[in-house]
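Here are my notes on the model you sent over. Have it open while you read.

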Amino acid sequence: MAQAVRGSARVAVIRLCNPPVNALSTTTIRALEQEVNRANIDPTVKAVVICGANGKFSAGADIKGFPNIGQPGMASLEPVVSLIENSEKPMVAAIEGMAFGGGLEVALGCHYRIANVKARVGLPEVTLGLLPGAGGTQRLPRLIGVPAALDIITTGKHVPATEALKLGILDELVEENTVEAAISLAERVSDQPLGPRRLCLKETPKLPNMEAFLEEAFVKVKKQANGCFSPEMCFQAIKASVYLPFAEGIHKERELFLIQMFSGQAKALQYAFTAQRVSEKWALPTGASWKTAAPQPIRKAAVIGLGTMGQGIVVSLLKAKIRVVALEQDRKHLELARGAIMARLERVALRMQQNGLKLDGYMPDLLHFTLDFGALKGVDLVIEAVFENMAVKKEIFHKLSAACKPEAILATNTSYLDIDEIASVTSHPHQVIGTHFFAPAHIMPLLEIIYGQQTSPTVIATAMKLSKTMGKIGVVVGNCFGFVGNRMLNPYLEQCYFLLEDGSTPEEVDKALEEFGFKLGPFRVADYTGLDVGWRSREGQGLTGAKLPLGTPPRQRDGRRYSPLPDILYENGRYGQKRGKGWYQYDKPGGNVAKSDPWVHGFLSEYRSAHRIVARTITQDEILERCLYSLINEGFRILSDRIVSLPEAIDTIYINGYGWPRHNGGPMFYASVVGLPRILTKLQKYAEANPDIPSLQPSAFLKKLVALGSPPLKEWSSLQGSQHSRL
Ligand code: CAA
């Protein structure tokens, strides 16, 4: 923290300084309080500017210090915000970079707020299982009204400065020299009355239909929360700002904050925040890591194969301002892709403009379509995104060896194929890497980055850097069938089908998992993505077999239980939403309102009789245990095979790529909360009842952890043992 007195009207500049993001730790809060008091009592100081060091105002309260909240000696931010607001000298916040959480709350305590045009503001506490606890829930609605405050606080969204200006959060925007502009604003207002600028003295603006509005808003907030409590708590605090005087509202905010702070969901959400940052710091079993490997620059990339996935990857690269060569095999597919990509770019441009973001360089200018492999000569990176077929991919990689410069990175977008086999056909296997994007690739945040036996650490570092540049969350994983996400998904989906065979309906399974917190249950997801997608993948693995009449397909493949249910649905033309029928029926092809389908129920009972299965009633607990514990069990296998070194990496993948409810912290965190002995006992029970389902057999690593007394999650990686074969 530093204070300097500047300008003709003697403006004190207080600079928050706690790298890297000027988080408000106890030390920083105390220093801020001290500097505000110093400026208040210094008769020569007429006004005060508060800013942040290194171009960042503040990312809010120090998340790393949360475990100590409530301990003696911990500073509270709210009294300091009030101290600022009640000062008799004008206080001006000069916002550069970001003002999030407690950072924005400090700015709301100030009498004026000026920001750089590129800054962002927001109250993201809700994403950490909290509410803004330093007066944010009381001051923001008083400043911008309940509807806008509800939107910002219950979603935790980052608001660009241009939008914040329109909403009235900011008083002025500047293109540069934010602190200088704040000093001259402070000089201009140094003799203005402060009463009208103190939010604590304002009333929250009332809507004519306030009660009805709040009732409706509450239903919406609860629905969007999907079982997460913090949005509801934020709502209650904002509601208090409407009906209670300021001081009582602050009291209510505190009460709700403390209820949340020690809840299991807050712990899970805060763990998810840290898990993502921990897993971005990759390390290989060989010792190579993010610390030792430097990325190489990517100025120009190529994408081969412009289907849905390829199109999304092109858009992601363009948004990151990377020049792209987009290559297809024939003119017809090239033209189709051109139309689709241009339409997507227009939508992206429109959204950016609506969010007040500037388009530096029109994206299509960076894009070149071609049919010619010769156009790949100068690219720094190729991402091949053709369909999942090993022979086709090998043929392309063979060509790439000759077409690209030796230092070009050769990436394959695959969800389960062997990276080493693909690399084996190139003359530069150390340049080959897997990049598993998730559809729609320009929207979904996750990127699994798969290294092969020979992939160089520089290539991994470059892929991770690229992922960050594209605004994605990269997680480095080893090479095995399905990598992390899809490998764990297989036993989970298997259980969903076995549950239908045993007597459940798609509706019951979906309901159980949606109540657990997934936005869509597995059968709704299958209908949305298309049953043809899964069928093609199973066919590639030789699982589907020949088309057989109803009732005759054996429920075994290679001596293991196999459910042909999704194959039969596919073979009956039930591709999901796109055909208007799948596990559910829809009003029309492409419709998205799912209704129970008597055909499916009839088919399931016929299927059970054909296989002499006596349907039984299956409880919600059994559905959850069989689906979730088999997925978690595979996670333990992945850890012991060292496909990833940290459970945090698995959790980051599941939260950001597979819709796992963030407020449950991810599958491995959830396992640690449920208790490893319970998971082991249940798996043993289900495995005994189903000896032909190997995925239910408890993993050796899970057993080891239980035998060691179930150590906490952060100790698991040190107990993994040596590396096993991954394939
Ligand atoms: N406290 C402590 N550390 C923080 C932090 C915070 N509020 N915000 C970020 N950091 C740390 C990260 O952990 C990371 O540390 P490491 O280098 O050790 O991994 C480092 O700062 C850089 O962060 P990112 O890697 O996330 O950098 P980025 O540029 O991708 O993103 C960011 C920057 C947008 C600020 C992002 O870090 C972020 O969203 N931070 C959290 C913001 C937030 O939720 N604030 C509210 C906190 S709660 C509160 O303020 C009020 C209250 O009443 C309790």
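The points below go through the domains and then the charged side chains.

1. First, a reminder that we are looking at a predicted model. Everything I quote is computed from it, with side-chain atom pairs counted only at pLDDT 80 or more.

2. On the overall layout, the domain assignment splits the chain into domain 1 (2-262), domain 2 (292-479), domain 3 (504-610) and domain 4 (620-719). Taken over C-alpha atoms, the centres of domain 1 and domain 4 are 40 Å apart.

3. How many salt bridges does a search of the whole structure find? The count comes to 30. I picked out a few of them for the next points.

4. Glu172 and Arg188 are worth a look: their side chains form a salt bridge, at 2.9 Å from N to O. Glu172 sits in strand 9 (residues 172-174) and Arg188 in helix 7 (residues 178-189), so this pair ties together parts that are 16 residues apart in sequence. As for exposure, Glu172 has 26% relative accessibility and counts as partly exposed. Arg188 is partly exposed too, with a relative accessible area of 48%.

5. Next, a pair within one helix. Lys252 and Glu255 make a salt bridge of 3.7 Å, N to O. Both belong to helix 10 (residues 246-261), where they are 3 residues apart, about one turn of the helix. Lys252 comes out as partly exposed at 28% relative accessibility, and Glu255 is also partly exposed, at 41%.

6. Helix 18 has a pair of its own. Lys511 bridges to Glu515, with 3.4 Å between the closest N and O atoms. The two are 4 residues apart in helix 18 (residues 506-516), so about one helical turn separates them. Are these two partly exposed or exposed? Lys511, at 45% relative accessibility, counts as partly exposed. Glu515 reaches 51% and counts as exposed, because the cut-off for that class is over 50%.

7. Beyond the pairs, have a look at Arg487, Glu634, Arg637 and Asp641, which are linked in a network of salt bridges.

8. Last, the surface. Which residues gather in a patch of positive charge there? They are Lys64, Arg277, Lys281 and Lys468. Of these, Arg277 is placed in helix 11 (residues 264-279). Its relative accessibility is 34%, so Arg277 counts as partly exposed.

Terms used: Residues are numbered from 1 along each chain as its sequence is written. This is a predicted model: local features need pLDDT of at least 70, side-chain atom pairs count only at pLDDT 80 or more; totals for chains, interfaces and linings use all residues. Side-chain values use heavy atoms; hydrogens and water are left out. Patches are made of residues with over 30% relative accessible area and no salt bridge: like charges are joined within 9 Å, nonpolar side chains (Val, Leu, Ile, Met, Phe, Trp, Tyr) within 5 Å. Accessible areas come from the Shrake-Rupley method with a 1.4 Å probe; for residues, only the protein chains shown count as cover. A salt bridge is a side-chain nitrogen of Lys or Arg within 4 Å of a carboxyl oxygen of Asp or Glu. Lys and Arg count as positive and Asp and Glu as negative; His and the chain ends are not counted. The place of a charge is taken as NZ of Lys, CZ of Arg, CG of Asp or CD of Glu. Buried means under 20% relative accessible area, exposed over 50%, partly exposed in between (1.4 Å probe, protein chains only). Domain bounds come from an automatic or database domain assignment.
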